Amino acid sequence: MKPRYRLLPYLLLLPALVMELLIHIVPMAVGIIMSFKQLTQFFIRDWTAAPWTALNNYRIAVDFSAPIGQSLLNSFWVTCSFTLFAVAFSWLLGVAAAIFMQEPFWGRGVLRAVFLVPYALPVYAAVITWSFMFQRDTGLLNHVLHDQLHLVAEKPFWLIGDNSFIALVVVSVWKTWPFAFLTVMAGLQNVPRELYEAAAMDGATVWQQIREITMPALRPVNQVLVLVLFLWTFNDFNTPYILFGKSAPEAADLISIHIYQSSFVTWNFGSGSAMSVLLLLFLLVVTGIYLVVTARWRDADA
Amino acid sequence: MPKPASPMAPSATFVWVRRIFLVALTLFTLAPVLVMASSSLKPLQDVQGPFRWIPSSLTVRPYIDIWSTVPLWDYFVNSLIVSLSATILSVVIAIFAAYGVSRYRFRGRKIFTVTVLSTQMLPGILFLLPLFLLFVSIGNSTGVALHGSRLGLILTYLTFSLPFSIWMLVGYFESIPRELDEAAAVDGCGPLRTLLQIVVPAAVPGIIAVGVYAFMTAWGEVLFASVITNDRSRTLAIGLQGYATQYDVYWNQVMAASLVVSVPVVAGFLLLQRYLVAGLTAGAIK
């Protein structure tokens, strides 16, 4: 690098740095400060004037014997199991579809476009349609289950009560799996065809080729993919918000909705911030562990 | 010469499993689209009764009514301005940053990449409260209206797209051979000309992929739009809720409006999807 360009990289980075400061670093710092304050609707005009409460917001959030802590804990478990199901199914569907469509067959191009539709549809339009399909009396789901297939005696409610968890997972999988499909499809392009040719020569079946060649080759892609799916699903706000509105049923009370509710519905920003910081710490720890473990695997492979 | 055996010579079971799986998946994928299309053509009493696959009578009335029930056109314009501005801003900023990171070794490079990568994983809800309060404070002290304005929304939408754009473009730029840069340097091109005339044209698929992603996240965003907009700056994401009144939900109009706002993005996306795959291959997966 010539000396006269020494400042250049910094100049190139400057706009990004300014924006990162403005939209990420400063708000994060403000959020951490807010979590130590008794910040209610009376201080919206000037949040700096709110009184300090030290760790009080945190104490309330993790006091699992009191209502606020209890509902936060419930929401945490709901989010964990929701994430587990949604990521697992999205990943499975995405990988299976990508592998099945690796080899050309009639109609493959059309099908690929069809499978990308959930990814391309604006999330609110899609989720509103799902909420229409889940309506008890006018929805498609109960029409099929009750009127057409006679599988259920009584039309169930899908958007209130325990079934809301199922509804949430279904919609989430529907809109997430195409991303897994897209990513795995891109990853499959890097698998050398000669490997398959050699395996076919040795008499390996298609299933053996998938297990022995495709899946190992996809490992690095899968490691990134699963992490991204986890983070997106865990933090998802759009799906529950459009499906259930500002307060979700207990069985589907995801953490992001929960924080939103305690901040903008009950106007307790301090406690909402404390919950956000706890969420951040949790995600940092989980991601950290994941990265260390997958790096170990990589070293073991090498 | 005999045709070489297909690398993955599919057995009959494989073909059948594939067929059944793909048909089921297609039904699952398209169900909402079918519901959207058929319900948008039904009169109100039909969507308020039990669901029927085939409408008893067809009407285009919902497509006319959507524009007057809520100010859909205004929401459309708001969404378009906000999404386009956020996309252009994030792509341009990301191009410069990614070029810096991929072509130069400098102090702080690692910290910058790690910071960008980690902000990518943070939940939107984390920034919502502080940004909301910051915008209100800034408005009160300087008179610059960020809360309730399009500008505020554009800035917040960068929170989603900028980290991803930088991350992906760094990967993409690194896949472009350094020899191209060097040849340009020999020809007397400065770094800026090299970027604009060599690197950017070679990275078009990656740049399109990033742009599509940024536009789609902005077009579909709900959380910030629900808190930061007011009546004048409302986007489609929030505006669509207006078809549900206290007494009735005009489901046929909801479906018609959903279809109308989806068509441009889906069409654009399907046109550009091969760039997305190419961009992902080179950028994110390396």
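## Surface and make-up of chain A

Chain A exposes about 13900 Å². Carbon and sulfur atoms supply 68% of that area. The model is predicted. Of the 302 residues of chain A, 53% count as buried.

The secondary structure is quickly told. Chain A has 12 helices and 0 strands. Read along the sequence, its pattern is α-α-α-α-α-α-α-α-α-α-α-α. Along the principal axes, the C-alpha atoms of chain A fill a box of roughly 80 × 75 × 35 Å.

## Contacts and charges in chain A

Take the contacts in chain A between residues at least 6 apart in sequence. Of these, 64% join residues at least 24 apart.

Chain A carries 17 positive and 17 negative charges. The mean positions of the two sets are 12 Å apart.

## Chain A against chain B

The size of an interface is often given as the accessible area lost when the parts come together. Here, chain A and chain B bury about 9100 Å² between them. Carbon and sulfur atoms account for 80% of that buried area. On the chain A side, F100(A), Y124(A) and F132(A) lose the most area to chain B. Together these three make up 8% of what that side buries.

The contact can also be counted in residues. Chain A brings 107 residues into contact with chain B, and chain B brings 95 into contact with chain A.

## A buried position: V30(A)

V30(A) sits in helix α1 of chain A, which covers residues 8–34. Its relative accessible area is 6%. Buried means under 20%, so V30(A) counts as buried.

What does V30(A) touch? Leaving out residues up to four places away in sequence, V30(A) touches W47(A), P130(B) and L134(B). R136(A) is 106 residues from V30(A) along the chain. The C-alpha atoms of V30(A) and R136(A) are separated by 44 Å.

## Two positive phi values in loops

Most residues other than glycine have a negative phi. H150(A) has a positive phi, near 55°, and is not a glycine. H150(A) is found in the loop between α6 (140–148) and α7 (163–188) of chain A. Its relative accessibility is 61%. The cut-off for exposed is over 50%, so H150(A) counts as exposed.

W267(A) also has a positive phi, about 55°, although it is not a glycine. Its loop lies between α11 (255–265) and α12 (269–301) of chain A. How accessible is W267(A)? At 32% relative accessibility, W267(A) counts as partly exposed.

## Two domains in chain B

The domain assignment splits chain B into domain 1 (12–62) and domain 2 (66–285). The contact between them takes 9 residues from domain 1 of chain B and 11 residues from domain 2 of chain B. Their C-alpha centres lie 32 Å apart.

Domain 1 of chain B and domain 2 of chain B bury about 860 Å² between them. Carbon and sulfur atoms hold 70% of this area. In domain 1 of chain B, M36(B), L44(B) and P62(B) lose the most area to domain 2 of chain B. Together M36(B), L44(B) and P62(B) supply 57% of what that side buries.

Definitions and conventions: Residues are numbered from 1 along each chain as its sequence is written. Chains are lettered from A and ligands numbered from 1 in the order in which they are written. This is a predicted model: local features need pLDDT of at least 70, side-chain atom pairs count only at pLDDT 80 or more; totals for chains, interfaces and linings use all residues. Side-chain values use heavy atoms; hydrogens and water are left out. Helices (H or I, at least four residues) and strands (E, at least two) are DSSP runs, numbered from the N terminus. Buried means under 20% relative accessible area, exposed over 50%, partly exposed in between (1.4 Å probe, protein chains only). Contact means heavy atoms within 4.5 Å. Accessible areas come from the Shrake-Rupley method with a 1.4 Å probe; for residues, only the protein chains shown count as cover. Lys and Arg count as positive and Asp and Glu as negative; His and the chain ends are not counted. The place of a charge is taken as NZ of Lys, CZ of Arg, CG of Asp or CD of Glu. Domain bounds come from an automatic or database domain assignment. Buried area is the accessible area (1.4 Å probe) that two parts lose on being put together, summed over both.
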